[in-house]
Each structure stands twice: as C-alpha cells, then as structure tokens.
Amino acid sequence: MSVYESPLREALILGDDKNYSKITDDIVRNTEGRPPLRWWIAFVISAATALFGVFCLAWTVWFGIGVWGLNKTVDWAWDITNFVWWIGIGHAGTLISAVLLLFRQKWRTGINRAAEAMTIFAVVCAGLFPIFHMGRVWMAFFIFPYPNTRGPLWVNFTSPLLWDVFAISTYFTVSLLFWYSGLMPDFATIRDRAKTARRKMIYNVLSFGWMGTAKQWQRFESLSLVLAGLSTPLVLSVHTIVSFDFATSVIPGWHTTIFPPYFVAGAIFSGFAMVQTLMLITRKLFSLEDYITPAHLESMNKVIVLTGSIVGVAYITELVIAWYSGYLYEQYAFYNRALGPYKWAYISMMTCNVLSPQVFWFKKIRTSVFWSFVLSIFVNVGMWFERFVIIVTSLHRDFLPSSWNYFTPTWVDMGIYVGTIGIFFTLFLLFARTFPVIAIAEVKAIFRSSSEVSRAQMSAPLDFSDVHHAEEHGHSGGGAHATVQHNKNFNEQ
Amino acid sequence: MSASSLDYNKFVVGLYDHEATLLKAIKKIRSNGVEIHDALSPFPVHGIDPLLGLKDTRIHTAGFFFGMTGTTVGLSLITFIAKFNYPMIVGGKPHWAIPSYIPVIFEMTVLYAAVGMVLTYLIRNKLWPGRVPRIFDKRTTDHLFALTFAIDEKSEADITKIKSLLTETGAIEVNTKEFHDTDEPLS
C-alpha cells in the first residue's frame, strides 16, 4: 500500500517487536486474568469515595438543599461550579475523537477511546448537580416537554436552562453512540480470543455480533465520519449553551458576549488536562507506554498551552472591556473579583490557568511525563476555580448592599463534589478493566504508517548526498550557478 | 456480495497476513473471473471497496434525512407549544421567538441524525446484542485478512482453481469451512 509519512513525524506506536497480534495482546491483556493489586487499591478508594458521595446526596434529598451552603444572595455556587467543571472535562473526549478525526490527526487513535469514556463518565457526574439542586429529584422529569395532566403546561423554550437540558442530553446520547459504535469491533477481537464460553458469550453480546466484513467496515467508516461531523458543532454548542446560562442573565460579570468562545476554550483546556491526567495514570497502570507515547503527551500539551493562552486572553479582555464600558457595576464586579473577599480564588485561577501552562513552551517540560502530570493537575484545579470565581464573586455582592454575603461550602457540598470524583474514577477503573482502553482497530489502521517497525522498513528518506555535493561545488563556482545545479539535482531524485 | 448471506453453507477461506497482498490478490482473483463472497479484516482496509466492486454506502444520506426530520420535529413541536397550545406572554415579547428556539432545534437535528444513523447502521450491518455471527476464522479480528468464496454450487475444478489462485496470490493458509445450521453457535 502506498503510505507515505514524513520521516520527521514521530512514530506513534513504539517498540520494535510490534505487529498486529502484538497490538491485540498488549491492549486486550488488561481485560484478561485477575486485576493487579494496584487496581484493587485504586478501586476500593474510588468506590468508598463514591459511596460517601451517594450518602451526601441522600442526606441532601432527606433534609432538603438547606444543608448546602447556599444562601439567599448566593443561590448558585458549589453545585453549578461542579456542573460546569465536569461538563467542561467532558468536552475533550468528543473533541479528540471528532475534531481530530476530521483533521486526520493520527495521534488521536491512542487516546480517543479512553477520552470518550471519560466524556461519558464526566457528563454523568455533571448531570447529578442540577438534578439534585432541583430539590425534589423525583420530579426531575418535569424538565422534558411532554403532554401532561397539569393543563396545557409546557417548559419554557426561551430559557437557556431548558436549552441546557436539550444540549446535555443530546451530547450524552451522541457521545455514547459514538463511543459504542467504535467499541463493537474491538469487543469482537476480545470475543475471538476468549478462552471460556461465558466470556465468549458476554463479549459477543457486547460486540453485537460483529464480523468485520468489507461492507461492515465501509459503513463503519461512513458512520464515524458523519458522527464526527455532527459532534463537532455539537461539542461547541453544548458549552456555548452552558455559557448562555450566565451570559443571557443581567448579572454584572455574567452578561458578557465573550462567554461562549471563552467557555468553549476553557472546556477544551480543562478536558485535555483531565485526559492528560488519566492517560498518564492509565499508561503506567496498564503498561501502555508504547501506545500512549511522549509524542501523544506533547501534542496534548500543545493544545493545553494554546487553549490556556486563549483563556488568559479572555480573562484580560473581560477586565479591559469592563473598564472601557464605563459601566460602574460591571467595573465593580471585576474590581471585586480580583481584589475583593474572593481574591484568593482569583489568584489561584490566574496562577493555575494562565501562568502555569506557559511553561509548556519549553520542549523539555512539555515532553516530560512528570511535569505533564503536575501541570495537568494544576489546570484541573485552576479550571475549577475559574467557574467558582465567575459564579460566586458575581453573585455575592448583590444589587442591594444589605444583601451582601459570603459563601462557604458545608461538608455536604464538599462531600458531593468529592463523591463525584469517586464515581468518575470508579467508572473509569471498571471501564479500564473490562473494555479495551485503546481503540485496537484504529491503532492497527495506523500501524503501517506510524509505527516504529514500519518506519524502519520504509525506504530511506530522500538521499541528499548529491545536493550537498552540488552546494560544495557551488561555493567555489559562484552563487547563481550553484542554485541551478542544486535544483537540477533535486529534481532528478 | 452480501455481508452475511446465509444462502451458502460451504466456503473456501483464504488467509493473508498483509493488507497490500490482500489488495493485489483481490485484483488478480477477480480478473480471473472468480467471484469473491466477502472479505474480512481486523480494521478497515483503505481502497478495498472499489476492488471488491462494492458500491458506496448511502448511510450518510440517510443521516441527512434523519437530521432534517429532527429539525422539522423540533420546529413544529415548539411552534405548536409556544404559539398555539400554551402562548405565554413574557415581557411583551412575541410568542413565536424563532432566534431563541435555534439551540433546541439544532440539538434535535443532531440527536435525530445520530440516533437514526446508528439504528440504520445496526440494521443494515445486521448487528444486535446476542446476534451470533458466522466466524470464518477467529484470527480475522486479530491479525489476518480473509477472502471467502461460496462453494455450495461450485464444481471440484472450480474449487481447485480458487485454491490455486489463493496460493498464487500469497495466501498464507487456505481452508474450507462448512456451516451446518443457519445460525452457527460460537465455537
């Protein structure tokens, strides 16, 4: 097959012993046999945390949301911060799968499966917050428009909160379909090497009876491409709509037109950071260093520094526009944000989001596993603070100074947040043990062009020895002649 | 050519270990007038469709129509609710405020297109939970590529010809596979 890859590109599948069956072995191995002890340790910790989160949710339902730290002035705080944080994290999966597929980025294949799984788990965690904030969770289905016995009573289609309902439920559904349609062929791979009848049966059910015929693959590719094309505007629309929750209000500090692009950039930023965190753990825990290579980490760090800088520009633009607007309340909102009682949060946000990723301009740092991990945590923390800063600082200084207030979370608030992290990691660990964490078929598809083995087999890159000879000749003979000679030799290659 | 035709029960299966050999083999075999039943591979092999004479899939066209259905459903639903069934006055604004309906209509378009396309994909590819496929060779989901030939109605001479063509074109293994039931249990 005529595959040409520039020799300048780094190989994406390392190891000189790789071939198709080795790829299958390396990836499927993690789903076979007994889980290692470190997996059990991680799982027990995550599951215990998740259970504590469930307990705090039950506490909330039993006693009402009065157990949260919200007050009359700050009526959105911890819950909505966590909601936006999780939704933002959930953006990287689809972005990696969809946008990078459309841009034909081959490094996507090593990380897309886990990133998509992460998306789904993050959206699950995100969804819990608005649902439990409703108070009477058992009536959560009221948010959907359906004919009912309460008279002709419908949801309000002009409200951004309702747009959110549609955006997030669509996003969850489409991400799930995208993820699962890619999983079917890989489940078939696991099925065909299963040793026991039970395992064979389970993985056959999961694979939907995949065979891998030419026509199935043709439809598979068409489906992936169109779903990627649909997901790209979808992923942008979801965070745009999340930002509308704030931007369409009349709260100074919220009603700015920069919100949609700024939220989308922030979502990509935090999502990539979370993918980075998870990938660094996964590659170590499951020995997948050959598939999630330094080249992958570097590419992700490049996206992080780009989106981090966009976010930084957005922060500064907000300040400049507040000053330029001449609008006293807007100016106060931003003055108070940076220098008011919540300045500790503002400083944390600025340090983690704007300053810390700038060190990725140095190649040494952006290719270092240790620093990638440390900085990915910084970004995760910083992006949490960004949402907290936007939401709480804009609310706590009400229009009436007599209503001014300070928000402090209660143990229930914190318990639910920590609990969602537990739920997220529990789901991810279960996924990593039972599902192929790397898209086997997709990695095989780039094997001929991007593996270390094929690179070595490919014919040597253009031989420039003649050209150099011509240049040397040219130096002695005169500039113009040398150029002609150079081109001539080059064309003959 | 059909993905899982159950009209035949006896097959010759040729196995290849490199996609480039497979593509050359398909060309050679078809130019010899031998009909290939199907090709199986562990990942999508680019350039295989025209060689096998497969027509382009129309699943993306279906996706477009599903999407349009979503747009229409979204717009008509909101119009019915907001203009006729429950016209609510909010700050003297028009009942039928199209710009603020765009987000929901867009999400409906994407939702319908995605769900519709995936369902079409599953139905056309005959995929459902619990479906038991015919497995010609277990290694085709791992590292080998297979070409299958239906030989129920073929003479001995034809079969010999197929087998020799397979060996000639670099098949690493040539087997015959017979299915006894229409649905073969996983083995």
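## Interface and pockets of chains A and B

Helix 6 of chain A contributes eight residues to the lining of the second largest pocket, the most of any element. Keep in mind as you look around that this is a predicted model. Besides its pockets, the structure has an interface where 66 residues of chain B are in contact with 53 residues of chain A.

**The second largest pocket**
- Its volume is about 730 Å³.
- Of the 26 residues that line this pocket, A:Pro130, A:Met134, A:Ile143, A:Leu161 and A:Val165 lie nearest its centre.
- Helix 3 (78–89), helix 5 and helix 6 of chain A each give two or more residues to this lining.
- The lining of this pocket has 17 nonpolar, six polar and three charged residues.

**The largest pocket**
- Here the volume is about 1100 Å³.
- Both chains take part in its lining of 48 residues, with A:Arg104, A:Glu221, A:Ala445, B:Pro44 and B:His46 nearest the centre.
- Helix 8 of chain A supplies the largest share of this lining, nine residues.
- By class, the lining has 21 nonpolar, 15 polar and twelve charged residues.

**Where chain B meets chain A**
- The two chains bury about 5700 Å² between them, 69% of it on carbon and sulfur atoms.
- B:Glu107, B:Tyr121 and B:Thr141 supply 11% of the area that chain B buries against chain A, more than any other three residues.
- One salt bridge is counted between the chains: A:Arg448 pairs with B:Glu19, their closest N and O atoms being 3.2 Å apart.
- There are also 24 residue pairs in polar contact across the interface.
- Helix 4 of chain B gives the most to the side of chain B that touches chain A, with 17 residues.

Notes. Residues numbered from 1 in each chain as written. Chains lettered and ligands numbered in written order. Predicted model: local features only at pLDDT ≥ 70, side-chain atom pairs only at ≥ 80, totals over all residues. Heavy atoms only, no water. Contact = heavy atoms within 4.5 Å. Buried area = accessible area lost by both parts, 1.4 Å probe. Salt bridge = Lys/Arg side-chain N within 4 Å of Asp/Glu carboxyl O. Polar contact = N/O pair within 3.5 Å; in protein donor to acceptor, adjacent residues only side chain to side chain. Helix = DSSP H or I, 4+ residues; strand = E, 2+ residues; numbered from the N terminus. 1 Å grid on protein atoms, 1.4 Å probe; cavity = no way out; pocket = protein on both sides within 12 Å on 5 of 7 lines; lining within 4 Å. Points joined across faces, edges and corners; volume = space filled by probe spheres on them. Nonpolar A, V, L, I, M, F, W, Y, C, P; charged D, E, K, R; others polar.
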